[in-house]
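Here are a few exercises to work through with the model open beside you. Try each task before you read its solution.

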Amino acid sequence: MSQSDGVVHRRNVNKSNSDNLNHNNDSDDDKRRNSSGDDDIEDGDSKDTRLTLMEEVLLLGLKEKEGYTSFWNDCISSGLRGCILIELALRGRIELEKAGLRRKSLLNRKVVVTRNDQATGDVLLDEALKHIRETTVTETVHSWIEYLSGESWNPLKLRYQLRNVRERLAKNLVEKGVLTTEKQNFLVFDMTTHPLTDNVIKNKLVKKVQEAVLSRWAGEVGRMDRRILAMLFLAHASDVLENAFSPLSDDDYEVAMKRVRDLLDLDLEGEAARPNSNELMWAVFAAFIK
């Protein structure tokens with residue numbers, strides 16, 4: 001695969017540059033770590049452009065000049081559907097069924113139920129919420145990821161597929177001034193692409209991901225911001241996390257990857273059972289970690 005195919009190559013930078021990162025945890029983040037509902041949408045300065053979890057993961061995977069994701073990435077489709085479920089859960093719209101006192105179900109066996117059917121204002125989220133609300137048979141997180149991705153073998157479930165998700169998310173980013181729209185010719189066909197126009201927002205996103213596993217590493221998952229935690233898991237599941245880590249020095253890269261591996265090795269069932277945890281979020285993580 002050539003470099004033009006969109007593979008991001010890691011380059012060495014002076015270690016002193018990364019050492020300049022602030023190693024003190026932001027007290028404002030501590031105040032938001034255990035928040036839930038619509039307030040979770042705020043993950044930065046209120047004056048900044050707010051991106052959904054799906055838009056952030058897509059932006060990490062988007063080739064900046066070419067304006068499309070790698071043709072070799074077959075993970076991002078299901079990863080974005082996982083983002084949609086977590087976004088709905090963080091906004092208090094869906095949750096996992098409550099287990100009875102005498103029965104404790106595993107994450108992969110609990111079904112998704114509607115907690116609040118109020119519209120979010122985001123077309124993709126509201127379309128997924130409508131499917132979950134109107135289904136006659138409750139389904140698990142893993143099943144919903146398959147249905148929303150169109151990967152189910154059941155023809156009766158194909159109506160749940162969310163179509164053109166990447167294109168629709170890219171258009172949202174165009175409306176927010178992050179991307180632009182162009183036409184590119186690929187010999188046998190023309191394709192609409194969305195190159196990056198706002199480097200500031202992309203750089204802030206990459207820096208946020210890097211700092212989450214370096215200077216702002218909390219040491220334990222219970223102290224991490226839910227959105228940051230979800231982004232790390234879903235960016236890894238979508239095979240785009242490397243794009244955020246590639247500019248790091250060798251030493252920082254090794255530290256970042258080790259801490260991500262530590263997250264992937266967590267006891268997901270145990271973390272989901274902790275007080276104030278978002279159980280559906282952990283169920284989505286479990287669906288991608290085989």
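**Exercise 1. Work out whether Asn164 is buried or exposed, then describe its surroundings.**

Step 1: Asn164 has 56% relative accessibility. Buried means under 20% relative accessible area, exposed over 50%, and partly exposed in between, with a 1.4 Å probe and protein chains only. Asn164 therefore counts as exposed.

Before going on, a note on the source: this is a predicted model, where local features need pLDDT of at least 70 and side-chain atom pairs count only at pLDDT 80 or more, while totals for chains, interfaces and linings use all residues. Residues are numbered from 1 along each chain as its sequence is written, and side-chain values use heavy atoms, with hydrogens and water left out.

Step 2: Look for Asn164 in the loop between helix H6 (141-149) and helix H7 (165-175). Helices (H or I, at least four residues) and strands (E, at least two) are DSSP runs, numbered from the N terminus.

Step 3: Check the backbone. Asn164 is not a glycine, yet its phi is positive, about 55 degrees. Asp239 isn't a glycine either and has a positive phi of about 60 degrees; you'll find Asp239 in the loop between helix H9 (226-237) and helix H10 (241-245).

Step 4: Now go through space. Ser77 is 87 residues from Asn164 in sequence, but their C-alphas are 9.8 Å apart.

**Exercise 2. Describe how the rings of Tyr68 and Phe71 are arranged.**

Step 1: Rings of Phe, Tyr and Trp (its six-membered ring) pair if their centres lie within 6.5 Å; planes under 30 degrees apart count as stacked, over 60 as edge-to-face and the rest as tilted. Tyr68 and Phe71 are 5.1 Å centre to centre with 15 degrees between the planes, a stacked pair.

Step 2: Compare how covered they are. Tyr68 is buried at 12% relative accessible area, whereas Phe71 is exposed at 53%.

Step 3: Add the charge. The charged end of Lys63 sits over the Phe71 ring, 5.8 Å from its centre. The cut-offs here are NZ of Lys or CZ of Arg within 6 Å of the ring centre and within 35 degrees of the ring normal.

Step 4: Zoom out. There are 7 aromatic pairs in the structure, and Trp144, Tyr147 and Tyr160 make up one aromatic cluster.

**Exercise 3. Find which residues have the most contacts inside the largest nonpolar core.**

Step 1: A nonpolar core is a set of buried Ala, Val, Leu, Ile, Met, Phe, Trp, Tyr and Cys residues joined through side-chain atoms within 4.5 Å. The largest one has 79 residues, and Leu85, Val141, Phe245, Trp282 and Phe285 have the most contacts inside it. Helix H4 (residues 76-90) supplies the largest share, 9 residues.

Step 2: Pick Val141. Leaving out residues up to four places away in sequence, Val141 touches several residues, among them Leu85, Leu96 and Leu280 (contact: heavy atoms within 4.5 Å).

**Exercise 4. Sort the residues of strand E4 by face.**

Step 1: On E4 (residues 190-193), Met191 and Thr193 form the covered face, Asp190 and Thr192 the uncovered one. In a regular strand, side chains alternate between the two faces of the sheet.

Step 2: E4 pairs with strand E3 (residues 182-185) in the antiparallel sense over 4 bridges; pairing takes at least two DSSP bridges.
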